[in-house]
Amino acid sequence: MLAAEGLVKRYGDRRALDGFSLSVAEGEICGLIGHNGAGKTTFVEVVTGLVRADAGAVTVDGVPPRQARDRIGLAPQELSLYLSASLRQNLRLFGGLAGLRGRALRTAIDDTATHLLLTDCLDRPVGLLSGGQRRRAQAATALLHRPRLLLLDEPTVGADPETRAALLDLIKRTAADGTAVLYTTHYLPELVELGASLALCAAGRVIARGDQERLLAGLPGHLDVTHADGRVEQITTPDPTAALARLLADGVRPSAVDIRPATLDDLYRSLAATTR
Amino acid sequence: MNASIVLIRHNFALLLGEPGPVLSRIGMPLVLITALRPLYSAALGSAGLIQAVTGMLVLFSMLGLSIIAGGILTERSWHTLDRLRATPARPVHILVGKAVPFGAVLLAQQAAIVAYAMIAFGLRAPRPDLLLVAGVSWALTLLCAGAALATVVRSHGELSAVNDLGGMFFTVLGGAMVPLALLPGWLRAAAPASPGYWALHGLGSALAGDPAGTFRDAAVLLAVAAALGVFAAWRIARGWGRNRLL
């Protein structure tokens, strides 16, 4: 659905994208993670056609992004809604621009508002909504027309747990219907909850790509050993179970043991260590 | 329903949601025409009424430019302009979507001023068609100027300063407040540099039933409008990237 190959985007001397390649299939949720300035938002801007890449190619549903805008749903990082207009007016505008009209538009507005717990807010000015409601409203404008490609750039920043849960639930359902989802975030547990594949980006390119299990497989896990005197020993090792066996064989008798496999946080930290 | 119609409807709704600025710019010139007409008549005789009407029309329509520029600048600060650029709407749709409601406001303002002067003071307009040509060409110029201005300023404060100073400067230079005949010679020589000059002339020619003068002045205004419109469309199509507003 989304295919980008060798994208380069320069801002002066800085390369925001430097050979960025990424594909996202129908029905896949791809979590795009990386430091601030790694190129995530620039990539989203290129995919939406807001920014033109200096080199490389990107297609959405087999055509250039500018020809596929009616098939793209975008929730940018920054809130971008008409604050003096009601939520219904905002949804009517973005739905209408995506080609929805009449009964189909009204139904889409009602359905999306229901899924995102926004029904009571439809006729209130967006400027009077709470932060969480605005976040959901922004997502609603992206999801309204059932896009083939959904681009969500840090959609849950500042969102409360209820907002986050409603959003993640709808994203999973949208992907289940065949929509490709590109999801940038710094909240890694969300990617676990979404069952997302991962694309780790740094310095304007994707440096690792795959499902969570595969990417985590090469990372060390953690072994916390609490000794009888209360001292806690923290061991990071590729095989915590084997390390524990060695300790026991050496005569160590811990009062408690905690074995933890590598997490996305570890993956992110290892990325930070290797790319900063 | 194409993108322009969706945007026109949306922008009309936004305007109607905050009618205060529009109503004040339609109501105030009527008050000032009433108050200043005796002054202009004393200075210019029978031409005083036309000077009062066309002068106030040009002055307040130039001040109305802030509604247009402010509307577009607000979209920049809300990030909705970039959001619109990511939809199937093309830059020309976005501009038309903004221009039609604002153009309607400008034409309503002109119609209200002329109608009031006709009813209250007996202003005569022998060729309404010429008045329409002059009014539409001036409205298009203001629309394009407002759009262009909104794409280059970086805050509402900056817009307010540029609009107030620029509006007053070009209004005075064009002869809308003080009749050209009473301006110093060097200022009279510079007057054609102001679009207000051509608007004032065009409206005066239309009220006098002079087709040649009306069309010449309209052509100048449309050329200015085209240049500003092309600039605004280019600026909107290019976007602002990471250059944030103040």
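What follows is a chat between a trainee and a mentor about a predicted model with chains A and B.

Trainee: Let's start with the sheet in chain A that holds S2, S1 and S4. Which strands are at its edges?

Mentor: The sheet is open, its three strands run in the order S2-S1-S4, and the pairing is antiparallel. Neighbouring strands are turned by 25° against each other on average, direction ignored. An edge strand pairs on one side only, and that picks out S2 (14-24) and S4 (55-60) of chain A.

Trainee: Zooming in on S1(A) and S2(A), which residue in S2(A) stands opposite Arg10(A)?

Mentor: S1 of chain A covers residues 2-11, and with S2(A) it pairs in the antiparallel sense over eight bridges. Within that pairing, the residue opposite Arg10(A) is another arginine, Arg15(A).

Trainee: And at what angle to S2(A) does H1 of chain A run?

Mentor: H1(A) is the helix at residues 40-47, and it lies across S1, S2 and S4 of chain A. Those are the strands of the open sheet we just walked through. Relative to S2(A), H1(A) runs at about 65°.

Trainee: Moving along chain A, which residue in the turn between S10(A) and S11(A) has a positive phi?

Mentor: S10 (221-226) and S11 (232-237) of chain A pair in the antiparallel sense over six bridges, with Gly221(A) opposite Thr237(A). The two strands form a hairpin with five residues between them. In that turn, the residue with a positive phi, about 90°, is Gly230(A).

Trainee: S10(A) also pairs with S12(A). What is the bridge partner of Asp224(A) there?

Mentor: S12 of chain A spans residues 256-260, and its pairing with S10(A) is antiparallel over five bridges. Asp224(A) finds an aspartate across from it in S12(A), namely Asp258(A).

Trainee: Over to chain B: how are H8(B) and H10(B) oriented to each other?

Mentor: H8 (156-174) and H10 (195-207) of chain B pack at an angle of about 50°, with their axes 7 Å apart. The roughly parallel class needs an angle under 35 degrees, and the roughly perpendicular one begins at 65, so an angle between those limits falls outside both. H8(B) and H10(B) are therefore oblique.

Trainee: What kinds of residues make the contact of H8(B) with H10(B)?

Mentor: The crossing is right-handed. H8(B) brings Phe170(B), Thr171(B), Leu173(B) and Gly174(B), while H10(B) brings Pro195(B), Gly196(B), Tyr197(B) and Leu200(B). Sorted by type, that's five nonpolar, three polar and no charged.

Trainee: How does the contact of H2(B) with H3(B) divide by residue type?

Mentor: H2 (20-44) and H3 (48-63) of chain B pack at about 145°, with their axes 8 Å apart, and their crossing is right-handed. Among the residues in contact are Leu32(B), Ile33(B) and Leu36(B) of H2(B), along with Val53(B), Met56(B) and Phe60(B) of H3(B). The contact divides into 15 nonpolar, three polar and two charged.

Trainee: Last one: which element gives the most to the side of chain B that touches chain A?

Mentor: The contact takes 20 residues from chain B and 23 from chain A. On the chain B side, nine are nonpolar, seven polar and four charged. The elements giving two or more residues to that side are H1 (3-17) and H5 (80-85) of chain B. With six residues, the one that gives the most is H1(B).

Terms used:
Residues are numbered from 1 along each chain as its sequence is written. Chains are lettered from A and ligands numbered from 1 in the order in which they are written. This is a predicted model: local features need pLDDT of at least 70, side-chain atom pairs count only at pLDDT 80 or more; totals for chains, interfaces and linings use all residues. Axes are lines fitted to C-alpha atoms, for helices over the stretch in contact, and angles run from 0 to 180 degrees between N-to-C directions. Helices (H or I, at least four residues) and strands (E, at least two) are DSSP runs, numbered from the N terminus. Angles under 35 degrees count as roughly parallel, over 145 as roughly antiparallel, 65 to 115 as roughly perpendicular and the rest as oblique. A crossing is left-handed if the near helix is turned anticlockwise from the far one by less than a right angle, and right-handed if clockwise. Two residues are in contact if their C-beta atoms, placed from the backbone, lie within 7 Å. Ala, Val, Leu, Ile, Met, Phe, Trp, Tyr, Cys and Pro count as nonpolar, Asp, Glu, Lys and Arg as charged, and the others, Gly among them, as polar. Two strands pair if DSSP finds at least two bridges between them.
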